[in-house]
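The following exercises concern a single protein chain. Each task is followed by a solution that proceeds step by step.

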Amino acid sequence: MCSMLGLVVRQSDPQLRGAGVRVYIANHVTHFDHNVINLLTSCNTPALNSAPGFICWSRGFMELGAAGSRAELVDSLKAYSAHGENPPLLLFPEEAATNGRVGLLRFSSWPFSILDAIQPVTLQVQRPLITVSVADSSWITELLWTFFVPFTVYQVRWMPPVSRPAEESSEEFALRVQELLAVELGVVSTRLTAADKAEHMKRLRHAPPRLFTPALSPSLGARPRVPSSLASPGPFAAEDMQITGMAQRVKEVLPHVPLGIIRRDLAQTNCVDTTIANLLEGRVPFMPEETVAAEDALLAPSTSTSTSQAAAGPLCSTTASPAEPAVKQFARSPVQRHLSLQERKRALYDHARRKYAEKHGAPLATGTH
């Protein structure tokens with residue numbers, strides 16, 4: 001099997017493998033780590049995320065039956081380890097695969113509550129041309145790439161067994177072993193969990209595509225690139241046109257907000273009013289466009305001109321005093337910065353309401369915001 005798949009397995013310090021150790025702890029790099037270590041020594045890895053059946057058996061996992069919670073899983077593994085004739089357990093406390101080159105995910109504490117003595121194992125994988133682990137890829141994809149590449153080298157290094165003192169908790173024991181493996185691998189011991197990785201992959205799948213190229217120097221004459229979905233009809237052309245229409249409506253109310261920021265938030269909210277509220281409340285950060293000097297004048301009213309007084313109008317009955325104008329300056333006092341922020345927010349609200357009323361002929365609402 002190794003010859004056909006091109007698997008090359010090497011191990012270091014096999015004499016450190018304890019004969020009486022019942023639990024092996026290793027970092028997780030590929031979907032076949034348990035198969036590789038099982039070639040060196042007999043061990044079993046419980047199936048945590050795969051459904052029981054032929055696929056689970058063919059991949060080399062051990063079926064434990066239905067385990068409704070982590071506590072039931074730990075009890076089952078404790079009962080399994082109590083029988084001395086059973087092979088040791090091989091567990092991956094990261095619970096998710098990484099590329100093994102940057103850092104370790106935070107170790108879960110439940111594998112360290114089974115027994116008080118464990119055997120750390122480090123695993124490094126190298127593969128030519130193709131990366132070893134691709135985020136969010138299935139085991140079938142990894143198997144096909146294993147068939148495609150000439151060879152894949154697994155380096156297994158055995159570390160001395162580690163015991164847990166009586167006063168040490170399972171969480172502390174897990175963090176201590178994680179630090180040991182991180183030092184041995186030369187990577188960082190992070191506090192990111194498998195759930196954080198799953199959430200990150202979910203955001204990447206649902207994130208809207210970039211609408212513009214990275215900002216370049218104005219002297220080069222760089223211009224934003226129009227998305228291909230807007231340049232030519234496609235399956236998402238109707239949705240893009242709808243977002244474009246809503247973005248123009250928001251742009252009429254808030255002309256100082258960049259159009260790319262508006263479209264990006266509309267792709268998430270799909271609502272004009274919600275996007276306007278997000279921009280006014282500061283939930284969506286943006287850099288105001290420099291071509292709206294008139295709008296900046298409204299946001300920083302000057303007492304020396306009558307234009308700014310008219311801009312405030314009867315809507316801003318609580319206009320800030322001239323001693324604390326909402327100018328584009330960073331105040332030294334936190335109190336002044338807070339008051340300046342409130343003034344700018346109030347002016348934004350009033351200006352947006354006035355623009356909306358002029359556009360759609362709706363009556364202006366009075367009262368507090």
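**Exercise 1: Surroundings of Thr41**

Beyond residues up to four places away in sequence, Thr41 touches Arg17, Tyr24 and Trp158. The model is a predicted one.

Task. Determine where Thr41 lies and whether Thr41 is buried or exposed.

Solution.
Step 1. Helix H2 (33-40) and strand S3 (45-46) are linked by a loop, and Thr41 lies in that loop.
Step 2. The relative accessible area of Thr41 is 15%.
Step 3. Buried means under 20% relative accessible area. Thr41 is therefore buried, at 15%.

**Exercise 2: The nonpolar cores**

Task. Identify the residues with the most contacts inside the largest nonpolar core, and state which elements supply at least two residues of this core.

Solution.
Step 1. The largest nonpolar core comprises 24 residues, and Ile25, Phe107 and Val177 have the most contacts inside it.
Step 2. At least two residues of this core come from each of strand S2 (23-26), helix H4 (70-82), strand S5 (89-91) and helix H6 (170-185).
Step 3. H6 gives the most to this core, namely six residues.
Step 4. With residues up to four places away in sequence left out, the residues that Ile25 touches include Leu91, Phe107, Ile118, Val177 and Leu181. Three prolines, Pro93, Pro111 and Pro120, are also among the residues touched by Ile25.
Step 5. Another core, of 19 residues, lies apart from the largest one; among its members are Tyr24, Cys43, Val132 and Trp158. Tyr24 and Trp158 are also touched by Thr41.

**Exercise 3: A nonpolar patch on the surface**

Task. State which residues make the nonpolar surface patch of about 430 Å², and which helix gives the most to the patch.

Solution.
Step 1. The patch is made by Met4, Ile140, Leu144 and Phe147.
Step 2. Helix H5 (residues 139-148) gives the most, with three residues.
Step 3. Met4 belongs to helix H1 (residues 2-5).
Step 4. Exposed means over 50% relative accessible area. Met4 is therefore exposed, with a value of 60%.

**Exercise 4: The chain as a whole**

Task. Describe the protein chain by its elements, burial, contacts and exposed area.

Solution.
Step 1. The protein chain contains 14 helices and 10 strands.
Step 2. It has 369 residues, of which 36% count as buried.
Step 3. Among contacts with a separation of 6 or more, 68% involve residues 24 or more positions apart.
Step 4. The chain exposes about 21600 Å², and carbon and sulfur atoms supply 58% of this area.

Definitions and conventions
Residues numbered from 1 in each chain as written. Predicted model: local features only at pLDDT ≥ 70, side-chain atom pairs only at ≥ 80, totals over all residues. Heavy atoms only, no water. Patch = residues over 30% accessible without salt bridge, like charges linked within 9 Å, V, L, I, M, F, W, Y side chains within 5 Å. Areas by Shrake-Rupley, 256 points an atom, 1.4 Å probe, with all protein chains shown as cover. Salt bridge = Lys/Arg side-chain N within 4 Å of Asp/Glu carboxyl O. Helix = DSSP H or I, 4+ residues; strand = E, 2+ residues; numbered from the N terminus. Buried < 20%, exposed > 50% of the residue type's maximum accessible area, 1.4 Å probe, protein only. Contact = heavy atoms within 4.5 Å. Core = buried A, V, L, I, M, F, W, Y, C linked by side-chain atoms within 4.5 Å.
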